[in-house]
Amino acid sequence: MKTHLRARTHALPPGLITAIAVCCTVFAWASAFVSIRSAGAAYSPGALALGRLLAASLVLVVLVLVRREGLPPRGARRGILLSGLVWFAGYTVALNWGERLVDAGTASLLVNTGPILMALLAARLLGEALPPRLLTGMAVSFAGAVVVGLSMSSGGNGSTPVLGVALCLIAAAAYATGVVAQKPALSFATPLQVTAYSCLTGTVACLPFAGQLVAEVPKAPLSATLNMVYLGVVPTALAFTTWTYALARMPAGKLGATTYAVPAIVVLLSWVLLGEVPVWLSLLGGLLCLAGVAVSRYQPRTRQESEARAEEPTPEAAATQGR
């Protein structure tokens with residue numbers, strides 16, 4: 001019986017858990033754009049960032065204590081420090097501020113320029129390859145993100161505030177830098193350690209906004225506060241943990257390309273949660289985003305892999321041999 005169960009486990013598609021982790025991250029981060037727009041009406045950018053990181057830190061510290069993972073090894077601390085300051089703190093404040101000036105769709109478009117910079121930084125600093133399929137997929141997805149952003153732009157005269165665009169681009173640069181900083185840290189520490197201590201670092205960096213948070217909580221509606229807590233628990237504590245899990249098992253550039261699906265999901269969430277019915281241009285852009293991700297993730301089997309797979313015994317055969 002044990003042999004049969006082991007054979008069934010080996011029959012699972014390789015990378016299935018990693019794929020699930022990527023999907024959780026993408027969907028959670030897409031929902032964050034909508035929640036930030038909602039909570040940002042009541043909370044200033046710094047206060048919202050601190051409240052979000054406090055909620056995330058509480059969840060992550062509990063997980064670290066339950067799993068008894070302790071402090072990260074010395075070799076991981078530099079990447080954790082940089083990731084915490086640049087990504088968890090800098091990205092969060094910049095995006096919160098940027099979404100006060102541009103809508104969720106436009107913000108997701110601008111932030112999704114990050115994977116391009118991420119792939120370039122990973123190639124330059126980490127020695128990762130830039131295969132033609134990845135570049136092609138990124139180009140298709142970026143074109144789709146542009147279409148989504150243009151179709152969802154809510155500027156009254158068709159223009160987007162320059163400051164909002166600049167802040168979202170700063171967030172994109174912080175996102176790319178943080179991912180590249182995390183990658184080497186994962187060679188020494190676990191995904192949970194990297195996420196938890198990066199989040200704690202970001203929380204400490206945002207403590208100067210504590211006065212604003214304390215002053216704004218009593219005045220904010222309950223829905224805004226719940227959105228802030230949601231941002232900490234799901235898109236931060238959960239999604240950043242699943243992200244680092246996947247990052248430890250995939251090249252940074254290739255993983256970054258999967259986030260091009262975010263604008264497509266933002267369209268759907270805005271439709272369901274905000275009642276914003278997408279126009280055909282948004283749907284077209286969403287399909288392009290997903291198609292680009294599919295291209296970048298596609299891995300054709302080599303002849304040797306196909307022959308080796310054909311020679312593997314089926315689960316039934318393996319169970320028979322086990323008897």
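1. Helices (H or I, at least four residues) and strands (E, at least two) are taken as DSSP runs and numbered from the N terminus. On that basis, the protein comes out with 16 helices and 0 strands.

2. A quick word on provenance. This is a predicted model, where local features need pLDDT of at least 70, side-chain atom pairs count only at pLDDT 80 or more, and totals for chains, interfaces and linings use all residues. Residues are numbered from 1 along each chain as its sequence is written, and side-chain values use heavy atoms, with hydrogens and water left out.

3. Overall numbers next. Of the 323 residues, 48% count as buried, where buried means under 20% relative accessible area, exposed over 50%, and partly exposed in between (1.4 Å probe, protein chains only). The exposed surface is about 15800 Å², and carbon and sulfur atoms supply 68% of it; accessible areas come from the Shrake-Rupley method with a 1.4 Å probe, and for residues only the protein chains shown count as cover. Taking contacts (heavy atoms within 4.5 Å) with a separation of 6 or more, 91% are between residues 24 or more positions apart.

4. Now for α8 against α11. The axes of α8 (residues 162-185) and α11 (residues 222-247) come within 10 Å and cross at roughly 55 degrees, which makes α8 oblique to α11. For the record, axes are lines fitted to C-alpha atoms, for helices over the stretch in contact, with angles running from 0 to 180 degrees between N-to-C directions. Angles under 35 degrees count as roughly parallel, over 145 as roughly antiparallel, 65 to 115 as roughly perpendicular and the rest as oblique. The crossing of α8 with α11 is right-handed, meaning that the near helix is turned clockwise from the far one by less than a right angle (anticlockwise would be left-handed).

5. Who touches whom there? On the α8 side you have Y175, V179, Q182 and K183, and they meet W243, T244 and L247 of α11. By class, this contact has 4 nonpolar, 2 polar and 1 charged residues. Here Ala, Val, Leu, Ile, Met, Phe, Trp, Tyr, Cys and Pro go down as nonpolar, Asp, Glu, Lys and Arg as charged, and the others, Gly among them, as polar.

6. Helix α9 (residues 191-205) also packs on α11: their axes come within 8 Å and cross at roughly 135 degrees, so α9 is oblique to α11. This crossing is right-handed. P191, L192, V194, T195 and C199 of α9 make the contact with T236, F240, T241, T244 and Y245 of α11. The class count is 6 nonpolar, 4 polar and no charged residues.

7. Staying in α11, have a look at Y230. At 31% relative accessibility, Y230 counts as partly exposed. Leaving aside neighbours within four places in sequence, Y230 is in contact with S31, S35 and P235. The C-alpha atoms of Y230 and A55 are separated by 8.3 Å, with their positions 175 residues apart along the chain.

8. One backbone item to check is R68, which is not a glycine yet has a positive phi of about 55 degrees. Most residues other than glycine have a negative phi. R68 sits in the loop between α3 (45-67) and α4 (74-98), and R68 is exposed, at a relative accessible area of 77%.

9. Last, V162 in α8. V162 is exposed, with 70% relative accessible area. From V162 to G98 the C-alpha distance is 9.9 Å, and the two are 64 residues apart in sequence.
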